[in-house]
Amino acid sequence: MLSRQGTALSEGTTRWGEHDGDQTDLADRQALRRVSGLSTELEDVTEVEYRQLRLEKVVLAAVWTTGTATDAENSIRELAALAETAGSQILDGVMQRRTSPDPGTYLGQGKAEELRVIVEETGADTVVCDGELSPSQRRGLEDKVKVKVIDRTALILDIFAQHAKSKEGKAQVELAQYEYLLPRLRGWGESMSRQAGGQVGAGNGMGSRGPGETKIELDRRRIRTKMAKLRREITAMKTSRVTMRDSRRRNAVPAVAIAGYTNAGKSSLLNRLTGAGVLVENALFATLDPTIRRAMTPDGREFTLADTVGFVRSLPTQLIEAFRSTLEEVSDSDLLLHVVDGSHPDPEGQISAVRAVLAELKGDVPKEIVVINKIDAADPEVINRIVLREPRVIAVSARSGEGIDKLLDLIQEELPRPDVEIDVLVPYDRGDLVSKIHERGEVLTSEHVEQGTRINARVNAGLAHLLASYRVGTPVA
């Protein structure tokens, strides 16, 4: 299946334009990538600790329970793209049609045995399952295949851990990892003091009863303490963002948020609209930390544009909770640009997945514009199908710039407009006020007279109060 259709990452390379900037962050990230075939094994290990660093070799496993065969193929291709983004080499994959995953090993007995044979033949060291495994399923499948088994959630958390750069982003990922790890701690080995009683316990009798699995309880307590500390830190970091957001509200600067499926081209669109120069890469979850930049509508009004973390099908609950403070940029905005990859095999599925995540956020979802990106590589029939389905939609190409002017016109039309009409005469020595009227209001007429600049405009209530003493007809103090 994967060899026939490839993955979302292998079908094309990253394409940059002048608006994407120097991309220095990308060079730093690629400098740390592991290289397949590069051996770091030491011949003389007498004085140096022996280590073997290599690219993980992965076999994929999926259970198809609902939907069509196309949906199942798209899901496992997306899993392959996630594994490639994490730095793995995909060797093979298996899929099983079942009404529900097996409670013991995720796959049925026969398919688990087939997976074990594939792992042995390919020399794989990791199995990645397209679903969230319970601790017992993971343990049961590992016992069958004899190699490490991880699930989709652990894979996404690993990608986030690699790509997080800011202090807040790292804290959010660490919190999500702890929440995932807590119910999956395993208490095995001689370091545990298991309970035993009566005449059991390998022939030991009375006096052999231990205090229980004290080490695992201690590990859980430490994790809960660390999680509480991380939540306090994230709350404290949120204060600065709330302060900046409140400042924009006081100045009545409209806010526009960019949201969408991962790898849909959100960062490319932000670069095209603002010249932000944020990292652009043909990879899932390439950018995690929110970026806010200023932009201008065609009529000169100022607004902010915020890029948010990308979404994916079955986004882990831990990540939604950890990144809730970041995703509040969406609910607190005046307008949402929902970016969709028009060249994806299932763009409608992407739209549904993003809206499912947004529905879990607190607050109302703002007015939405569906932005179909990558139309230079998309099927025109797919674009027409989405256009007919969505009430507010526009097709663009962030790479070539096609449709960007129409998008700005649509943003200008949909942004809330100032509601207080003023007629003021501003002295020439108060050019700062004239600048604020142009930036935050909608100028209807402007005329230079002997006493200053006479402006008829619509502004917000705060700016109208600031200009009250300059209204035409106001007595001079």
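The following legends describe close-up views of a predicted model.

**View A. Buried and exposed sides of helix 13 (residues 380-389).** Val382, Ile383 and Ile386 are the buried residues of this helix. Viewed down the axis of helix 13, they fall within an arc of 100°, so they line one face of the helix. An α-helix has 3.6 residues a turn, so residues three or four places apart point the same way. Pro380, Glu381 and Leu388 are exposed on the other side of helix 13. The cover over the buried residues includes helix 12 (347-358), strand 9 (367-373) and strand 10 (393-395).

**View B. The start of helix 13.** Here a side-chain oxygen of aspartate 379 comes to within 3.1 Å of the backbone nitrogen of glutamate 381.

**View C. The surroundings of arginine 355 in helix 12.** Arginine 355 has a relative accessible area of 30% and is partly exposed. Leaving aside residues up to four places away in sequence, arginine 355 touches His338, Glu368, Val370 and Glu390. Phenylalanine 311 is 44 residues from arginine 355 along the chain, and the C-alpha atoms of the two are separated by 9.6 Å.

**View D. The crossing of helix 3 (residues 69-85) and helix 6 (residues 152-163).** The two axes come within 9 Å and cross at roughly 35°; the crossing is left-handed. Helix 3 contributes Ser75, Glu78, Leu79, Leu82, Ala83 and Thr85 to the contact, and helix 6 contributes Arg152, Leu155, Ile156, Ile159, Gln162 and His163. Classified by type, the contact between helix 3 and helix 6 comprises six nonpolar, four polar and two charged residues.

Notes:
Residues numbered from 1 in each chain as written. Predicted model: local features only at pLDDT ≥ 70, side-chain atom pairs only at ≥ 80, totals over all residues. Heavy atoms only, no water. Buried < 20%, exposed > 50% of the residue type's maximum accessible area, 1.4 Å probe, protein only. Helix = DSSP H or I, 4+ residues; strand = E, 2+ residues; numbered from the N terminus. Arc of directions from axis to C-beta. Contact = heavy atoms within 4.5 Å. Polar contact = N/O pair within 3.5 Å; in protein donor to acceptor, adjacent residues only side chain to side chain. Axes fitted to C-alpha atoms, helices over the stretch in contact; angles between N-to-C directions. Left-handed = near helix turned anticlockwise from the far one by under 90°. Nonpolar A, V, L, I, M, F, W, Y, C, P; charged D, E, K, R; others polar.
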